[in-house]
Protein chains: 2
Amino acid sequence: MGAAKKAGEGKKITISELAEEFGITPRAIRYYEELGLLCPHRKSPTSQRLYDEKDRVRLKLILRGKRFGFSLAETREILELYEADPTERRQIQRTLEYGLEHLLEIDEKIDELKELRREMLEFARRFLKILESMAEEDPRPDPRLRKFLESYRPRLEAVAKRKI
Amino acid sequence: MGAAKKAGEGKKITISELAEEFGITPRAIRYYEELGLLCPHRKSPTSQRLYDEKDRVRLKLILRGKRFGFSLAETREILELYEADPTERRQIQRTLEYGLEHLLEIDEKIDELKELRREMLEFARRFLKILESMAEEDPRPDPRLRKFLESYRPRLEAVAKRKI
DNA sequence: AATAACCTTTACGTTAACGTCAATTTCATG
DNA sequence: CATGAAATTGACGTTAACGTAAAGGTTATT
């Protein structure tokens with residue numbers, strides 16, 4: 001019964017497979033490891049790296065961090081939260097404090113993004129109106145302009161209506 | 001009456017004043033100009049740069065872009081949207097297309113941030129429970145631990161309750 | 001066991017986004 | 001108008017986040 005556990009322990013993949021899966025290069029993955037963000041299993045210290053599901057999840061978080069403008073060092077701090085020793089009280093406290101801080105940062109970012117969204121939406125609408133009034137005033141409106149307006153308006157409104 | 005307009009045209013400030021206002025260095029501001037993101041007024045091409053409210057708004061957008069992981073080149077593209085020539089139809093069309101693209105990108109980022117937020121919240125709660133159960137099982141609980149728990153719980157719930 | 005395909009480390013190269021001088025110029029002020 | 005503070009233009013340095021090439025080890029397949 002102990003053996004059964006070890007048997008179905010999920011498939012491991014190589015570095016280039018993982019890289020392709022995420023559209024990055026093996027070099028990048030090794031670099032993340034160099035900075036302590038990843039730590040894949042290896043049969044011997046010189047043999048190939050083998051990545052499992054946990055590694056995939058971590059890599060996903062790393063890339064997400066990048067998209068939000070976190071440096072790899074910052075992302076590493078966040079990742080360390082996810083694996084703090086759950087037996088050390090003091091350690092848990094620090095983890096919780098840190099986590100709350102990052103939560104507040106994330107909320108700020110969301111707020112800012114929403115504001116940027118509002119501004120850009122308003123901006124797009126203003127420009128759209130200019131274009132529409134140009135089309136109306138034109139005695140012989142360009143058919144391509146008509147087509148553009150007909151396709152653009154609903155697309156913009158679809159984005160505008162989204163509940164974010 | 002034409003003169004009155006020109007008179008109250010808002011105050012202009014120097015580069016180091018602007019820099020201090022945003023907590024960055026003059027060098028950074030000059031660098032943004034070098035990349036075409038700013039273009040302050042100058043009395044002669046060799047004299048001091050003087051920044052007005054419009055420049056301040058642009059700089060704010062630049063720094064916000066940075067916080068979201070946009071490169072300066074990307075931010076420049078976005079900024080160019082904001083000053084497209086409103087007499088060239090074709091130009092307006094491209095601006096609108098571009099703007100919509102960026103809006104979709106922003107929506108994606110917001111979604112991802114929300115997901116990250118959910119995950120981190122869940123995570124914090126799980127860790128908090130561990131700590132709480134440790135405190136309950138302890139026959140002589142550490143008063144500092146009690147204090148921490150009492151301050152942390154409401155703080156976390158305040159964040160959790162926020163409508164984002 | 002040979003061989004190709006893939007992996008490993010080592011090491012130097014590159015780009016973006018500034019930092020940091022240094023050598024002038026310009027500006028405000030007594 | 002002198003003079004000290006602040007601004008300007010080079011020009012080179014730095015750091016993060018990889019890219020790239022070389023030289024050799026591992027794995028899978030025939």
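I will talk about how the two protein chains meet each other and how they meet DNA strand C.

This is a predicted model, so local features need pLDDT of at least 70, side-chain atom pairs count only at pLDDT 80 or more, and totals for chains, interfaces and linings use all residues. Residues are numbered from 1 along each chain as its sequence is written, chains are lettered from A and ligands numbered from 1 in the order in which they are written, and side-chain values use heavy atoms, with hydrogens and water left out.

Let me begin with the two copies. A turn of 180° with a shift of 0.0 Å along the axis lays chain A on chain B with an RMSD of 0.1 Å, where the superposition is by least squares on C-alpha atoms of residues with pLDDT of at least 70 in both. That is the relation of a two-fold axis, and of the residues of chain A it is Gly69(A) that comes closest to this axis, its C-alpha being at 1.8 Å.

How many residues does each chain bring to the contact? Chain A gives 51 residues and chain B gives 51 residues, contact meaning heavy atoms within 4.5 Å. Because 100% of the interface residues of chain A are also interface residues in chain B, the copies meet through the same surface. The area buried between them is about 5,600 Å², and carbon and sulfur atoms give 69% of that; buried area here is the accessible area, with a 1.4 Å probe, that two parts lose on being put together, summed over both.

There are also 16 salt bridges across this interface, each a side-chain nitrogen of Lys or Arg within 4 Å of a carboxyl oxygen of Asp or Glu. One of them joins Asp111(A) to Arg162(B), with the closest N and O atoms 3.2 Å apart. On the side of chain A that touches chain B, the largest share, 32 residues, comes from H6(A), helices being DSSP runs of H or I with at least four residues, numbered from the N terminus.

Now to the DNA. Among the 20 residues around DNA strand C, those that come nearest are Ser16(A), Arg49(A), Thr25(B), Gln48(B) and Lys66(B), and a residue is near if one of its heavy atoms lies within 4 Å. Sugar and phosphate account for 75% of the strand's atoms that come within 4 Å of the protein. A phosphate oxygen of the strand is 2.9 Å from a side-chain N or O atom of Arg30(A), while a polar side-chain atom of Lys66(B) lies 2.8 Å from a phosphate oxygen.

How values were computed: Polar contact = N/O pair within 3.5 Å; in protein donor to acceptor, adjacent residues only side chain to side chain. Helix = DSSP H or I, 4+ residues; strand = E, 2+ residues; numbered from the N terminus.
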